[in-house]
Amino acid sequence: MTDRIVIVGGGPGGYEAAHVAAQLGAEVTVVDTDGVGGSAVLTDCVPSKTLIATSELMTDMATAQELGVNFRDHVGDAATSIVVDLARVNARVKQLAADQSADIASGLERDDVRVVTGRGRVGPGLTVVVDTGSGEETLEADAIMLATGAAPRTLPSAQPDGERILTWEQVYDLTEVPEKLIVVGSGVTGAEFASAYLSLGIDVTLVSSRDRVLPGEDADASAVLEEVLTRRGMNVLSKSRMQSVTREGDEVTVTLTDGRTVTGSHCILALGSVPNTADLGLEEAGVFTDEAGFIKVDRVSRTSARGIYAAGDCTGVLMLASVAAMQGRIAMWHYLGDAVAPLDLKKVSSNVFTSPEIATVGWSQNAVDSGEMAAEVVMLPLAGNARAKMQGVRDGFVKLFCRPGTGIVVGGVVVGPRASELIHPVSIAVAESLTADQLAQAFTVYPSMSGSIAEAARRLHRV
């Protein structure tokens, strides 16, 4: 008998699970509310990184003169500035997101996955009840997977209006460049948008309640980023907690808890996320959630209810599209009896798409400093790398962690251009328990940024 799988949510956790289940012979239905691809494709990851691609180009253009490239206008005079057409940028952002969603939908169709548009909730037994807008449809299932994602967190004192006070999902409707932008929140989302808009030539103030930007990331990496951002003209207000955000006409005011105020033309709220788990029928189904509403899962994506799995941001495990996708795949491999390895967060590589980028994998400097992980550490600045010199890159570094005695690589940090690509060899080393010597002895191209990874590994060699 064919297994019937019903997946609630069409984001990375949902559509990747659907592909695996279909591959293993199941009858798969995806219940999708806002568009296949979820927020990762339509309002979050894909749009933001598309915007950042433009900001990266602006950053490169700003340093072109050092490399001997000058700009002239049509009469031969020196061009004095580079400007961005935000309306065209955002139109491209939204078109690329829509195209990616369509590609994902086509892939599901090729795998004979049925997509039902509507809002699903867990019903009696293993059923999903879908509100299609014109009625209800009940889907029978042998297993259910919940992948409903999360939404931007807001506060009663800081309510977005979609025009001047914005969540990160609303910025792509801007058609005019903000005169002065205030970003509230210095986590990954806040730092990425603040960095991107600064590179687009916008006056940016970053309001951070902590003592540094990116408090959850490597401290050395955060220090490099903050130094670069302030050097480029960003106003970083550390240890400054937002109390309220208000708007009067075309002016937005952010009031801090110490009484200070910051005014600007626009404000982006980057205050974290809340899970989309309300009204899903979880309590009645016996699915446990934590105090914040995140669904509790084990390392193979099982919830507390038999036959019900969960994946992605609604679980709060690690809010990355790559983790959501892997959780979804693991759930289906587990339920349908294929070979499966439990999720190992110490093998997850992640990236902050600021300028410079910050990529990490495995154990952290904080874990080493606290004694949680015994490791030898080497940090190598990119400024000494030949390719970096050629490209005018001065900021950034490679950092590796390896176990004393065995020399096994257990973590790493890369700060620099395209760190999201450079972290991959370190990620492979961590995943496969390679030693620093093995990493060092693999050939790298000369000259290349990746040469610094091999050089850092060589410095960890012990006779």
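Here are some friendly notes on a predicted model, to read with the structure open.

1. **The five-stranded sheet.** A good place to begin is the open sheet, whose five strands run in the order β19-β20-β23-β22-β21 with antiparallel pairing. At its edges sit β19 (349-352) and β21 (376-381), each of which pairs on one side only. If you compare neighbouring strands while ignoring direction, they are turned by 10 degrees against each other on average. As background, strands of a sheet pair through backbone hydrogen bonds, in either a parallel or an antiparallel way.

2. **A pair inside that sheet.** Now pick out β22 (residues 397-402) and β23 (residues 409-416), an antiparallel pair joined over six bridges. To find the pairing on screen, start at C402, whose bridge partner in β23 is V409. Then look for helix α6 (residues 219-231), which packs on the sheet and touches β20 (357-362), β21, β22 and β23. The direction of α6 makes about 175 degrees with that of β22.

3. **A region named in a record.** UniProt, in an unreviewed entry, lists residues 349-457 as "domain: Pyridine nucleotide-disulphide oxidoreductase dimerisation". In the model, the end C-alpha atoms of residues 349-457 lie 18 Å apart. Helix makes up 33% of this span and strand 28%.

4. **Checking a helix with simple arithmetic.** How many Å should the 18 residues of helix α3 (residues 45-62) span? At 1.5 Å a residue, the expected span is 26 Å, and the end C-alpha atoms of α3 are 25 Å apart, so the two agree. Many residues of this helix can be checked for burial too: P47, S48, T50, L51, I52, T54, S55, E56, M58 and T59 are buried. What do the buried residues of α3 pack against? Their partners are α2 (38-42), α4 (86-110), α5 (188-199) and β20.

5. **A strand with a hairpin on either side.** Strand β14 (residues 251-256) has five of its six residues buried, so the rest of the structure largely encloses it. It pairs with β13 (residues 242-248) in the antiparallel sense over six bridges. Within that pair, E248 has E251 of β14 as its bridge partner. The hairpin of β13 and β14 has two residues between the strands, and G249 there takes a positive phi near 65 degrees. Strand β14 also pairs with β15 (residues 261-264), again antiparallel, over four bridges. Here T253 has T263 of β15 as its bridge partner. In the hairpin of β14 and β15, with four residues between the strands, G259 takes a positive phi near 100 degrees. A general point to keep in mind while you look: in a regular strand, side chains alternate between the two faces of the sheet.

6. **Is H266 buried or exposed?** This histidine is placed in strand β16 (residues 266-269). Its relative accessible area is 8%, under the 20% cut-off, so H266 counts as buried. The side chain of H266 makes a polar contact with the side chain of S265, at 2.9 Å. Leaving aside residues up to four places away in sequence, H266 touches E163, R164, L174, P178, K180, L181, I182 and V252. One of these, V252, may be familiar by number, since β14 covers residues 251-256.

7. **Two cis peptide bonds.** Where can you find a cis bond leading into a proline? One runs from S355 to P356, with omega near 5 degrees, and P356 is in the loop between β19 and β20. Another joins Y446 and P447, with omega about -5 degrees. P447 is in the loop between α12 (436-441) and α13 (451-458).

8. **Two positive phi angles outside glycine.** D112 is not a glycine, yet it has a positive phi of about 60 degrees. D112 lies in the loop between α4 and β3 (114-117). S301, also not a glycine, has a positive phi of about 75 degrees. The loop holding S301 is between α7 (282-285) and β18 (308-310). Which surroundings do these residues have, buried or exposed? D112 has a relative accessible area of 68%, over the 50% cut-off, so it is exposed. S301 is at 2% relative accessibility, so it counts as buried.

Notes: Residues are numbered from 1 along each chain as its sequence is written. This is a predicted model: local features need pLDDT of at least 70, side-chain atom pairs count only at pLDDT 80 or more; totals for chains, interfaces and linings use all residues. Side-chain values use heavy atoms; hydrogens and water are left out. Two strands pair if DSSP finds at least two bridges between them. Axes are lines fitted to C-alpha atoms, for helices over the stretch in contact, and angles run from 0 to 180 degrees between N-to-C directions. Contact means heavy atoms within 4.5 Å. Buried means under 20% relative accessible area, exposed over 50%, partly exposed in between (1.4 Å probe, protein chains only). A polar contact is a pair of N or O atoms within 3.5 Å; within protein, one must be able to donate a hydrogen and the other to accept it, and residues adjacent in sequence count only if both atoms are side-chain atoms. UniProt positions are given in the numbering used here, feature names are shortened, and annotations may be inferred rather than shown by experiment. The expected span of a helix is 1.5 Å times one less than its number of residues.
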